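Colleague: Please take me closely through one part of this model, and then place that part in the wider setting of the chain. I would rather have one connected account than a list.

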Amino acid sequence: MSNETQTGIYDARTLGKGKMLLLGFQHMLAMFGATVLVPLLTGLDIATTLLMAGLGTLLFHLITKGKVPAFLGSSFAFLGGYGAVAPLAGNGTMTNAQLLPYACLGVAFAGLVYLILAALIKVVGIKRVMKFFPPVVTGPIIISIGLGLAGSAVTNCTTNWLIAFIALALVIVFNIWGKGMAKIVPILIGVLGSCAIAAILALTLGETITGADGNAYITLFGNPKLQLFSVSALDQLKNAPWIGIPVKWHNTVFGGIDWSNSSLVISSVIAIVPISLATMMEHIGDISAISSTVGTNFIAKPGLHRTLTGDGLATTLSALFGGPANTTYGENTGVLALSKVYDPRVIRLAAIFAVILSFSPKFAALVSVIPTAVIGGISFVLYGMISAIGVRNVVENKVDFTKSRNLIVAAIILVSALGLGTVTFMIGKLTISLSALAVASIAGIVLNAILPGKDYVFGDTPDETETGVNFEL
């Protein structure tokens, strides 16, 4: 397809510097709500997350020759991986903060897997590689990721179901009936709106009590089941400096890992790396969606091997310094469609804004004040959407479940991912632990490869309709 097939602005410099800055800020807002939600859910540092989203996006644009208008924000697909590392410690003596660097190491290796697929695509062609990742494998894996996280969403909601419901309702209303920019950032509106209501309730009807965990909370009517704000989080906001360094050495792979604990190191990598199989499919779907929106086939030029390399290296860079995995964001593709400004320079401005905000601890502390129930309400729909996207991938790609082999592959993946616990075995003196999702991913790929009757073929000439998966929210 050519640029002439769609009306749009491909050089935003014609609009003037002021409008370019405003458009860049709009893209930053579009990614912001979902990007900061990942560190809130995992315990990763918010400032580091923003810094790595910005730097990762700039690195991606460098590798793709500045041609692809994509923003790289935090990936939700790896959320289950962070939780899977905790049981690997065995004795439960390590805190979540101590385990996060080990999870980040696994994410860093997962990013390097992108380079392997990129090299294979460059050498043998995309068709031969994609046959190992059909929708009958990737769809159930994505479904399992969402369902595996459902319990944590409900747990967060139980701190205050009223606030959680308000957050959930705002997301639904603006996602379905919102107009213009409001429809693009329903998560951000849900967070801000429910936080504003929680603040009004705290000021008018709130009472401070000590929770079962020993921490002080402002609750509605003094009811511990109607928690609003953490007092310690409010104190941190008050005392946080306006300027600071966004990377803390003890949170990085280099400063936070005991390399003599080889079993935990290797098990963490093995537990998380298989998730890259799903996120690479996410990447292919998002690049195809951007191609369709802009009117340029980015899978062909600059090439899927370049976009995968950019995404993978951005993920590895982020994880090494204590940030989450990066992924191309469907939210920003929506902004492209809304504004019809397709200039990658605007995306790079958004990345610069993210980097600047990362140097303000006050801003990070403000985000940490968000009530747990708000996070629960947002994730309540978000985790369900991840599973729903997996279902949609299977449906849109017309996976034939009248065939026993497809039923078997999907069934083994789902039961393994949702029914198994951590699988542990010994290789010599080394203890290796596999998460349920890792076992499910490996089983699905192997079964699909060996069972007869494969019916999925990825085309010789890829375009935006031939991705094998559509992960766009």
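Modeller: Let me start from a single cysteine, Cys-195, which is buried, with a relative accessible area of 16% (buried means under 20% relative accessible area, exposed over 50%, and partly exposed in between, with a 1.4 Å probe and protein chains only). This is a predicted model, in which local features need pLDDT of at least 70, side-chain atom pairs count only at pLDDT 80 or more, and totals for chains, interfaces and linings use all residues. Residues are numbered from 1 along each chain as its sequence is written, and side-chain values use heavy atoms, leaving out hydrogens and water.

The part I would look at is the second largest pocket, whose volume is about 490 Å³. A pocket here is an open set of points on a 1 Å grid over the protein atoms alone, where a 1.4 Å probe fits, with protein on both sides within 12 Å along at least five of seven lines, and lining residues have an atom within 4 Å of a point; the volume is the space filled by probe spheres set on the points, which are joined across faces, edges and corners. Its lining is made up of 23 residues, and of these Leu-192, Cys-195, Leu-366, Val-367 and Ile-370 are the closest to the centre. Cys-195 therefore combines a place in that central group with a buried state, at 16% relative accessible area.

Turning to the elements behind this lining (helices, H or I with at least four residues, and strands, E with at least two, are DSSP runs numbered from the N terminus), at least two lining residues come from each of helix H1 (17–42), helix H9 (186–205), helix H10 (231–239) and helix H17 (361–368). The contribution of H9 is the highest, with 7 residues. In character the lining is 22 nonpolar residues and 1 polar, with no charged residue (Ala, Val, Leu, Ile, Met, Phe, Trp, Tyr, Cys and Pro count as nonpolar, Asp, Glu, Lys and Arg as charged, and the others, Gly among them, as polar).

One useful link from the pocket to the rest of the chain is Ile-375, a residue of helix H18 (372–396). Ile-375 is buried, with a relative accessible area of 6%, and, not counting residues up to four places away in sequence, it touches Leu-37, Leu-40, Leu-41, Asn-156 and Ile-370 (contact means heavy atoms within 4.5 Å). Ile-370 in that list is also one of the residues closest to the centre of the pocket. Ile-375 is 184 residues from Val-191 in sequence, yet their C-alpha atoms are 7.8 Å apart in space.

Helix H7 (residues 161–177) meets several elements already named. Its buried residues are Ile-163, Ala-164, Ile-166, Ala-167, Leu-168 and Val-171, and these pack against helix H6 (135–157), H9, strand E4 (227–230) and H18. H9 is thus a packing partner of H7 as well as the element that gives the most to the pocket lining.

Near the end of H1 the chain enters the loop that leads to helix H2 (46–63), and Gly-43 has its place there. Gly-43 is partly exposed, with a relative accessible area of 49%, and, leaving aside its neighbours within four places in sequence, it is in contact with Asn-96 and Leu-100. Between the C-alpha atoms of Gly-43 and Tyr-82, which are 39 residues apart along the chain, the separation is 9.6 Å.

Two other loops deserve a check of the backbone, because most residues other than glycine have a negative phi. Lys-65, in the loop between H2 and strand E1 (72–74), has a positive phi near 60° and is exposed, with a relative accessible area of 52%. Phe-221, in the loop between strand E3 (216–220) and E4, likewise has a positive phi of about 60°, and at 53% relative accessibility Phe-221 counts as exposed.

A further buried position is Ile-290 in helix H13 (residues 276–294), where the relative accessible area is 1%. Beyond residues up to four places away in sequence, Ile-290 touches Val-68, Pro-69, Ala-70, Phe-298, Thr-333 and Leu-336, and its C-alpha is 9.5 Å from that of Tyr-342, which is 52 residues away in sequence.

For the chain as a whole, the count is 20 helices and 7 strands, and buried residues make up 54% of its 473 residues. Of the contacts with a separation of 6 or more, 79% join residues 24 or more positions apart; the pairing of Ile-375 with Leu-37, Leu-40 and Leu-41, among others, is a local view of such contacts.

Methods
Expected span 1.5 Å × (residues − 1).
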